[in-house]
Amino acid sequence: MFEFQRISSRLRSSGAGLALAVAIAPVAAQAQEESSDGGRGLGNEIIVTAQKREQSLSDVSLSVSAVGAEALAETNTSNIEALQTLVPSISFGNDFNFAKLFIRGIGLSSSLPGVDPSVALHVDGVVVSLAQAQLGSMFDLERVEVLRGPQGTLYGRNATGGAVNLITAKPTDSVEGYARMTIGGPDLNLVGEAAVGGPLTDQIRARVAVRAVNRDGYGINEFTGNDIDNAKQFSTRAHLEFLPTDTLSVLLTGEYHTEDDRSLAIKFREISFPGVLDDADPSNDGLASLGQRDGASFASKLRNLNANIDPINDREQWALTGVISLEASDDVSLKSLTSYRSFDAIFFHDFDMSSYAAYPLAQTPPVGTGTSANHWQPVFQHQFTQELQANIDTGRLHGVFGLFYLDERIRTENHIGKDVITNTDPFRVQLDGVLNIEAYAAFANLTFDLSDQFSIKAGGRYSHEKRHIKNNFGVGSSVTNSLTPDALQWDNSKSWNDFSPSLGLEYRPNDDLMFYGNWSRGFKSGTAEIGSARRGPPSVTTCDGCNPFVNPEKVEAFEAGGKYSGYDFSLNVAAFYQTLKNGQFQFTQPIPTPPFFSSVLRNAAESEAYGVDVEWQWRATSALQIDGSLAYLHSTFTKFNSIDPLDARLFAPGADPTMLTNDLSGNYTRMSPKWSFNLHPTYDIATGNGGSITLGTNFAYRSKQFHTEFNDPRLAQDGYAMVDANILYRAPNRDLTVNLWVKNIFDELVWAGSYAVATSRTIGGTLMPPRTYGVTLGYNF
């Protein structure tokens with residue numbers, strides 16, 4: 001009873017959102033009356049498969065957003081980062097080449113491989129389980145679906161925050177395709193994309209798509225003179241579909257993506273410990289940033305670097321997928337999804353982000369006073385997934401039953417030192433390791449129509465996860481001028497079992513209006529940090545019984561919402577409350593011995609979030625359409641105690657970390673803007689030759705976001721507004737298009753992610769793109 005009252009009070013506190021939900025009914029009635037004058041329809045609504053069956057967006061009793069292929073092309077949206085300007089309650093950050101997707105305050109809070117993303121990414125129903133692999137390009141898509149809240153009873157891979165589904169364009173029964181060429185600036189940007197598909201025979205269809213990007217950098221490395229944050233990418237995908245009978249189809253898909261550039265470079269933001277060179281205590285001088293030593297300097301502009309070596313982003317990923325679909329009867333369909341994905345990448349960063357000349361290992365303490373912070377991180381990941389589904393759709397019963405299996409192997413190398421590329425000098429730190437993952441799951445989700453108006457929903461997921469970690473951690477010694485692996489290394493296994501249920505109700509007063517309520521639980525597996533040292537508390541000398549694993553992260557979520565879809569107006573409102581327990585967080589903490597820092601993954605946090613998401617589409621006139629969204633999010637920690645690695649007192653002689661622990665209760669969770677607002681008006685103008693011109697603008701606002709649980713303003717992004725615009729011409733038969741566009745018109749400087757780098761005593765971050773503009777020529781056939 002207490003828990004229900006507490007939840008109710010939280011939902012009441014977001015009264016504006018609930019008032020909107022209550023207001024849906026009268027708004028719907030008014031819209032129905034106004035639509036009787038004709039001539040202003042919204043057009044075809046996007047059909048989604050968020051509940052594993054085809055439904056209109058307004059008919060799905062979940063908080064889900066969808067962006068269609070046409071909107072993606074018009075707004076020049078080609079990666080996940082850009083989705084946050086179109087979809088409410090989703091935030092995207094990145095650091096160290098990791099995609100950091102957050103939905104409603106829940107996301108990935110680690111920068112080392114091995115920790116699952118809290119927001120799952122699926123491509124045609126197949127999960128992309130590695131966060132770094134989520135950074136690939138989006139091309140030749142039918143639509144993008146974003147589901148908010150825990151997912152597990154509808155999808156093979158479970159997620160605590162939500163899911164992003166990329167639905168690719170499939171082969172068609174007639175020949176069709178497109179070709180687009182983009183020329184942009186101010187940094188020369190060339191993008192080519194094309195696709196063609198259609199029947200090869202009466203029973204075989206195919207589709208092939210390609211995309212290539214060659215873009216100059218958004219900044220330069222002032223030390224070498226080379227561009228950074230440039231792009232050199234190539235992507236391709238091929239579908240081959242066999243239709244041996246009217247009820248059986250086999251779809252084979254192969255996709256490939258490669259990058260070889262100097263993108264995703266970490267830029268200098270701040271020094272970690274300002275003032276230590278100016279105080280009266282010389283013992284603090286060791287806390288100075290490396291860029292402050294030996295006459296070194298940082299870049300003169302925020303988008304630039306001044307590093308001795310250029311960053312490296314060299315990645316290759318590919319996948320093979322087979323989907324067999326069988327219509328067993330009018331009510332039952334069966335599906336098998338088999339997929340193998342491979343990801344190989346090499347990343348390099350100069351972690352001091354300055355012209356500081358790295359010292360050889362032999363000249364580091366205790367022999368010398370120099371150090372080094374060059375970071376090399378190859379990542380090699382392979383995953384195999386198998387999913388079996390049975391879909392039932394009778395007159396009153398709709399549901400999906402599924403079995404899921406995943407076998408994944410992640411191998412990484414993390415090397416820090418002077419020469420980590422050609423290895424002519426011993427590493428200062430080595431954090432290598434392999435993580436093997438094996439997961440089994442059975443899930444089901446059922447909806448039963450009690451009447452034409454009332455439906456009940458129930459679902460459940462049983463998960464079994466097993467992980468084995470084998471690490472090779474070592475620290476270099478300046479005395480011996482060699483790296484010595486630790487005598488104790490992790491070579492451990494652990495498994496977890498979980499059952500996550502869900503319940504829901506639907507009420508439909510009429511064909512245009514629906515109200516719903518959902519309760520669900522989510523589960524993210526326990527795991528271990530690849531490459532971590534096997535070190536226990538000071539009182540433990542042998543580390544017998546020490547455990548490298550953290551426990552699973554769990555979420556409980558409540559959501560109530562309403563949806564209206566009329567002739568010229570649609571409105572979706574969702575109010576939610578959720579709690580997270582055993583949040584998985586990675587910390588970099590100081591230690592008194594080389595390498596003078598330690599990376600720790602632990603269950604550190606409990607948090608709660610509540611808020612409201614509102615989305616609308618309004619065809620104001622036959623020419624003017626106004627789409628938009630508004631999201632309110634209050635996401636804070638309720639239990640979290642930790643030392644702050646940027647607290648200089650930790651480094652004082654004899655400092656006791658236990659006496660410097662911070663209570664972070666009440667702090668905002670990472671990447672959790674209190675307010676998000678998006679407005680996307682378009683205006684159509686008919687031309688004399690039968691063609692049309694569409695004027696479009698996209699305004700996106702996000703309030704302040706913190707990139708650290710300590711809510712340090714030096715690792716945050718203040719509130720910002722980003723404005724895009726385009727002018728799209730369509731020829732009379734719509735085969736030829738010319739799109740003039742500009743993104744980030746006012747050239748807002750927006751930090752996508754921030755990180756305090758312990759090895760260099762420096763705060764760095766990654767930036768969203770600056771103002772860009774160009775023209776895209778397209779031909780559809």
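This briefing walks through some strand pairings and one charged surface patch. The model is predicted, so please read what follows in that light. Strand 21 (residues 374-393) is a good place to start, as it pairs in the antiparallel sense with strand 20 (residues 332-350), with strand 22 (residues 397-412) and with strand 23 (residues 415-417).

**Around strand 21**
- Strand 20 and strand 21 are joined over 19 bridges, and in this pairing F348 has W376 of strand 21 as its bridge partner.
- W376 also stands opposite H415 in strand 23, within a pairing of strand 21 and strand 23 that spans three bridges.
- Between strand 21 and strand 22 there are 15 bridges; here Q386 has Y405 of strand 22 as its bridge partner.
- The link from strand 21 to strand 22 is a hairpin through three residues.

**A three-strand open sheet**
- Elsewhere you will find an open sheet of three strands in the order 4-5-6, paired antiparallel.
- Strand 4 (90-95) and strand 6 (106-107) are its edge strands, each pairing on one side only.
- Strand 5 (residues 98-103) and strand 6 run antiparallel and are joined by two bridges, with F102 opposite G107 of strand 6.

**A negative surface patch**
- D278, D279, D281 and D285 together form a negative surface patch.
- Within this patch, D281 sits in the loop between strand 18 (267-271) and strand 19 (312-327).
- D281 has a relative accessible area of 34%, so it counts as partly exposed, and patch members need over 30%.

Methods: Residues numbered from 1 in each chain as written. Predicted model: local features only at pLDDT ≥ 70, side-chain atom pairs only at ≥ 80, totals over all residues. Heavy atoms only, no water. Patch = residues over 30% accessible without salt bridge, like charges linked within 9 Å, V, L, I, M, F, W, Y side chains within 5 Å. Areas by Shrake-Rupley, 256 points an atom, 1.4 Å probe, with all protein chains shown as cover. Salt bridge = Lys/Arg side-chain N within 4 Å of Asp/Glu carboxyl O. Lys, Arg positive; Asp, Glu negative; His and termini not counted. Charge placed at Lys NZ, Arg CZ, Asp CG, Glu CD. Helix = DSSP H or I, 4+ residues; strand = E, 2+ residues; numbered from the N terminus. Buried < 20%, exposed > 50% of the residue type's maximum accessible area, 1.4 Å probe, protein only. Pairing = 2+ DSSP bridges.
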